[in-house]
Amino acid sequence: MSYVDEIYERVVAKNPGEPEFHQAVKEVLDSLKLVIDANEAEYRKISLLERLVEPERIISFKVPWVDDNGVIQVNKAYRVQFNSAIGPYKGGMRFHPSVNQSILKFLGFEQIFKNSLTGLPIGGGKGGSDFDPKGKSDREVMAFCQSLMTELCKYIGADTDVPAGDIGVGAREIGYMYGQYKRIRDLYEGVLTGKGLTWGGSLVRTQATGYGLVYIVNEMLKDMGKTFDGQTVLVSGSGNVAIYATEKAQQLGAKVVALSDSNGYVYDPDGIKLDIVKEIKEVRRGRIKEYVDAVPTAKYTEGKGIWTIPCDIALPCATQNELNLDDAKALKANGCFLVAEGANMPSTREATDFYLENGMCFMPGKAANAGGVATSALEMTQNSMRLSWSFEEVDEKLQGIMKGIYAKVSDAAKRYGVEGNFVAGANIAGFEKVAEAMKAQGAVL
């Protein structure tokens, strides 16, 4: 049995009931097989893979808080500190009822390689809680965030672990958590990213993941002799990533015709009117179906189905495993030639395999959506230097980082004889840097 297969079997046996984590490990290890087989004796000797797939630390704790009716509620929270070989743990906090240890381990494992690809000194981590901020008052959200940070503050710091936002965690939640951290630790430091611009945040952070996604797709298109101009684009989701991917794609001449949320999707053949979407989602915190009230020529459909709309480019920006094999087949049948992931692992393994086997150009999330964490790291840099860069400065650095990621991914795929396979290229390029750091630092990670 190969080293890769041994480690995967061990992961499944030691982590029962964690299918998301199993999926992430298998996808990464399978695409690393070329590298691992070529260096098997060396990696076995230092147990590199055994160390790589095991988090350095998992913190799990209860979060008691008092709701507006005076009733004590209790949620569960986690912080998975996965790998610090190249820098402090870095990864978002997610507040959503679906959060569990398996999902956070999958996200934290992916984050190791994503962060490595940015070229910046940040390790991999992830955290969150099964708390649902939807329908909660500001006071209830504040009470929860303060209770969570009262415990979490013991394990994080500007040079240790720097959380950010994720699903369910925006500027409001980051603000409440940062205030409590500062109150308890008496430190004004860059311990969280995604902060407000008046208290240590970075310009472009809101736009970063969506913009970065489009910047890397633009590099892919250039290599194909194409541009965004005139391309029809589908974008799933309607949060920050989806909105700003739409904005940048439109600026580059594309026609984005669909957006979605957890209830359904809206199709506007004339092109999405982004000002209306921003009003619905960013101001009113409403549902995407409200779009048709302002644009009667658009069509709203309940449930799944966004990937059945004909397009040239598909940008899944909602959540993990939202795009399955049937969706991938529908995209291909309807003319889609490029898929790039704005969310974390939104395509199932079967869908990913279909893209590669059927000549579709595909960029996985660990490369395509790295713009968010890259700009978070730029926020950390500004905090350390006590400086604030202009929008143009940060955006220019973001573009450079995404171009660099594409170059690393493309080069790694070519070096190992799988040119155009950006899944393998992304994992290999991310892995090589982390592996070298782990080897150099000895049996401590």
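This section describes the cysteines, a buried serine and the internal spaces of a predicted model.

The cysteines were examined for covalent pairing. A disulfide is a covalent bond between the sulfur atoms of two cysteines. The predicted structure contains zero disulfides. For C311, the nearest cysteine sulfur belongs to C336 and lies 4.1 Å away. Because a disulfide requires a pair of cysteine sulfur atoms within 2.5 Å, C311 is not counted as part of one. C317 is likewise in no disulfide; the cysteine sulfur nearest to C317 is that of C311, at a distance of 12 Å. C311 has a relative accessibility of 4% and therefore counts as buried. The value for C317 is 8%, so this residue also counts as buried.

C317 is also linked to S236, through a backbone atom. S236 is located in the loop that runs between β6 (232-235) and α9 (240-251). With a relative accessibility of 1%, S236 counts as buried, because the limit for that class is under 20%. The side chain of S236 reaches the backbone nitrogen of C317 at 2.9 Å. When neighbours within four places in sequence are left aside, the residues in contact with S236 are A242, S260, I306, W307, L315, P316, C317, A318 and E322. C317 thus appears both as a buried cysteine outside any disulfide and as a contact of the loop residue S236.

Enclosed space was considered next. A search of the whole structure identified one cavity of 30 Å³ or more. The largest cavity holds about 130 Å³ of space. Its lining is formed by 15 residues, and E27, E110, E341, M345 and P364 are those that lie nearest the centre. Three helices, α2 (19-38), α13 (349-357) and α14 (365-368), each contribute at least two residues to the lining of this cavity. In terms of residue class, the lining of the largest cavity comprises four nonpolar, six polar and five charged residues.

Among the open pockets, the second largest contains about 260 Å³ of space. The second largest pocket is lined by 15 residues, of which A158, D159, M380, T381 and S384 are the closest to its centre. The lining of this pocket is made up of eight nonpolar, four polar and three charged residues.

Technical notes. Residues numbered from 1 in each chain as written. Predicted model: local features only at pLDDT ≥ 70, side-chain atom pairs only at ≥ 80, totals over all residues. Heavy atoms only, no water. Buried < 20%, exposed > 50% of the residue type's maximum accessible area, 1.4 Å probe, protein only. 1 Å grid on protein atoms, 1.4 Å probe; cavity = no way out; pocket = protein on both sides within 12 Å on 5 of 7 lines; lining within 4 Å. Points joined across faces, edges and corners; volume = space filled by probe spheres on them. Helix = DSSP H or I, 4+ residues; strand = E, 2+ residues; numbered from the N terminus. Nonpolar A, V, L, I, M, F, W, Y, C, P; charged D, E, K, R; others polar. Polar contact = N/O pair within 3.5 Å; in protein donor to acceptor, adjacent residues only side chain to side chain. Contact = heavy atoms within 4.5 Å.
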